[in-house]
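Walk through this structure one sheet and one helix pair at a time, with the coordinates open alongside. The text moves from strands to single residues and then to helices.

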Amino acid sequence: MTAGMYAARHGLRTGIIERMMGGASIINVEKVENFPGFSEGIMGADLAAMTQEQAMTSGAEFVMGEVSGISTSGDYRIVSADSGDLQAKTVIVAAGSTLRLLGIPGEDEFTGRGVSQCATCDGPLYSGEVVGVVGGGDSATDEALVLAQYADRVLLFHRRDELRAQRELVDRVLAEPKIEVVWSTVIEEVLGENTVSGVSTTNMATGEKGARELSGLFVYVGLAPNGNIVDGLLETDGGDHIPVNISMETALPGVYAVGDIRQHSSSQLVSAAGDGATAAIAAFRYISGRSWD
Ligand SMILES: Cc1cc2nc3c(=O)[nH]c(=O)nc-3n(C[C@H](O)[C@H](O)[C@H](O)COP(=O)(O)OP(=O)(O)OC[C@H]3O[C@@H](n4cnc5c(N)ncnc54)[C@H](O)[C@@H]3O)c2cc1C
């Protein structure tokens, strides 16, 4: 959306093709605390809506549609979506990433019946109960803190013996009496009958098998970039990220990649926004034939 806003402000006719709503990754995040300008933090849904509004008032056109692929036709790039094909001189790929799942027995079966990836949406359902969170990064620690507002107890299962989240979040998790970090532990299976009643575990350090009772399990074990959007158009790296140069240019002239989907992204909102601005300015220069000098 930042790319769209910048492109429109440079006078380019700009379409933002989105399958859900702008900022789909953060609409369920209760509070974003590290976006510059919001010293008290801001709800993810508010930041998403404000950015979408800003892009549209700048002149970008919002097109609802799911993109299935991008191809080339001479000097043009064709974006194929279920809403129809769009032809453009430049395309900025900002398809982000999707939360990974554990891929263990019971996970699929109990999704929506105890297994969730949205603490803000489902946390209030667990008032007074025990819930589990899987992961050890920013999302897992952040969401464990959200869940601690509702649940009686939060078990944070982490496969390592050290959390990898920002220091600020680690300190808050370790100081929160409702959160117990279950170190060096992987979940093997989600257990239950109609709804989740517990998980079976293995301790990575000792090999010891165990089980914990809980009524909800929130999975935050990393993000998988939506790199399939450029299948047949661009090579991705081993992790499905799109390689770019410092101007966000991919190997194909007129095609840019920004945010979580690009190689070596810091996977933060502020850097995704910065990438978007960089790519839009590069696209403007490409179309207008201006150099960077
Ligand atoms: C739970 C959670 C909490 C987070 N908290 C923070 C935080 O506090 N601070 C922070 O800086 N970062 C946070 N992040 C990371 C942040 O959300 C990402 O770094 C950022 O959103 C990346 O921006 P992006 O534009 O690359 O992708 P996204 O924001 O993921 O946007 C991609 C958009 O593309 C759309 N899309 C994808 N594929 C298609 C398709 N085929 N067709 C049409 N549309 C498509 C999606 O619907 C989505 O709206 C958090 C992430 C998660 C998951």
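In this predicted model, β12 and strand β13 (residues 196–203) are paired in the antiparallel sense over seven bridges. One point at which to check the register is isoleucine 187, whose bridge partner in β13 is threonine 201. The two strands belong to an open sheet of three strands with the order β12-β13-β14 and antiparallel pairing. The edges of that sheet are β12 (185–192) and β14 (209–213); each has a single partner strand, so one side of each is left without a neighbour in the sheet. From one strand to the next, the twist averages 25°. As background, strands of a sheet pair through backbone hydrogen bonds, in either a parallel or an antiparallel arrangement.

Another open sheet, also of three strands, has the order β3-β4-β5, and its pairing is antiparallel. Here β3 (67–73) and β5 (84–88) stand at the edges with a single partner strand each, so one side of each lacks a neighbour in the sheet. The twist in this sheet averages 20° from one strand to the next.

The pairing can be followed strand by strand. β3 is joined to strand β4 (residues 76–81) by six bridges, and the two run antiparallel. Within this pair, valine 67 stands opposite alanine 81 in β4. On the other side of the pairing scheme, five bridges join β4 to β5, again running antiparallel. Valine 79 has leucine 86 as its bridge partner in β5. β4 and β5 form a hairpin, with two residues between them.

Which residues does serine 80 touch, not counting those up to four places away in sequence? Serine 80 is in strand β4, and with that exclusion its contacts are Glu66, Val67, Ser68, Gly69 and Asp85. With aspartate 85 there is a side-chain link: a polar contact of 3.5 Å joins the side chains of serine 80 and aspartate 85. As for strand geometry in general, the side chains of a regular strand alternate between the two faces of the sheet.

Serine 58 has a loop setting, between α2 (44–57) and β2 (61–64). Leaving out residues up to four places away in sequence, serine 58 touches Met5, Ala8 and Arg9. For one of these, the sequence separation can be set against the distance in space: serine 58 and arginine 9 are 49 residues apart along the chain, while their C-alpha atoms are separated by 5.8 Å.

Next comes a helix pair. In general, two packed helices are described by the angle between their axes and the distance between the axes. For helix α1 (residues 2–9) and helix α6 (residues 269–288), the axes come within 7 Å and cross at roughly 30°. The crossing of α1 past α6 is right-handed. On the α1 side the contact is made by Thr2, Ala3, Tyr6 and Ala7, and on the α6 side by Ala273, Gly276, Ala277, Ala280 and Ile281. Sorted by class, the contact of α1 with α6 has seven nonpolar residues, two polar residues and no charged ones.

Finally, there is the annotation. UniProt, in an unreviewed entry, places the feature "domain: FAD/NAD(P)-binding" at residues 2–274. In the model, the end C-alpha atoms of residues 2–274 lie 8 Å apart, and the span is 19% helix and 29% strand.

Key:
Residues are numbered from 1 along each chain as its sequence is written. This is a predicted model: local features need pLDDT of at least 70, side-chain atom pairs count only at pLDDT 80 or more; totals for chains, interfaces and linings use all residues. Side-chain values use heavy atoms; hydrogens and water are left out. Helices (H or I, at least four residues) and strands (E, at least two) are DSSP runs, numbered from the N terminus. Contact means heavy atoms within 4.5 Å. Two strands pair if DSSP finds at least two bridges between them. Axes are lines fitted to C-alpha atoms, for helices over the stretch in contact, and angles run from 0 to 180 degrees between N-to-C directions. UniProt positions are given in the numbering used here, feature names are shortened, and annotations may be inferred rather than shown by experiment. A crossing is left-handed if the near helix is turned anticlockwise from the far one by less than a right angle, and right-handed if clockwise. Ala, Val, Leu, Ile, Met, Phe, Trp, Tyr, Cys and Pro count as nonpolar, Asp, Glu, Lys and Arg as charged, and the others, Gly among them, as polar. A polar contact is a pair of N or O atoms within 3.5 Å; within protein, one must be able to donate a hydrogen and the other to accept it, and residues adjacent in sequence count only if both atoms are side-chain atoms.
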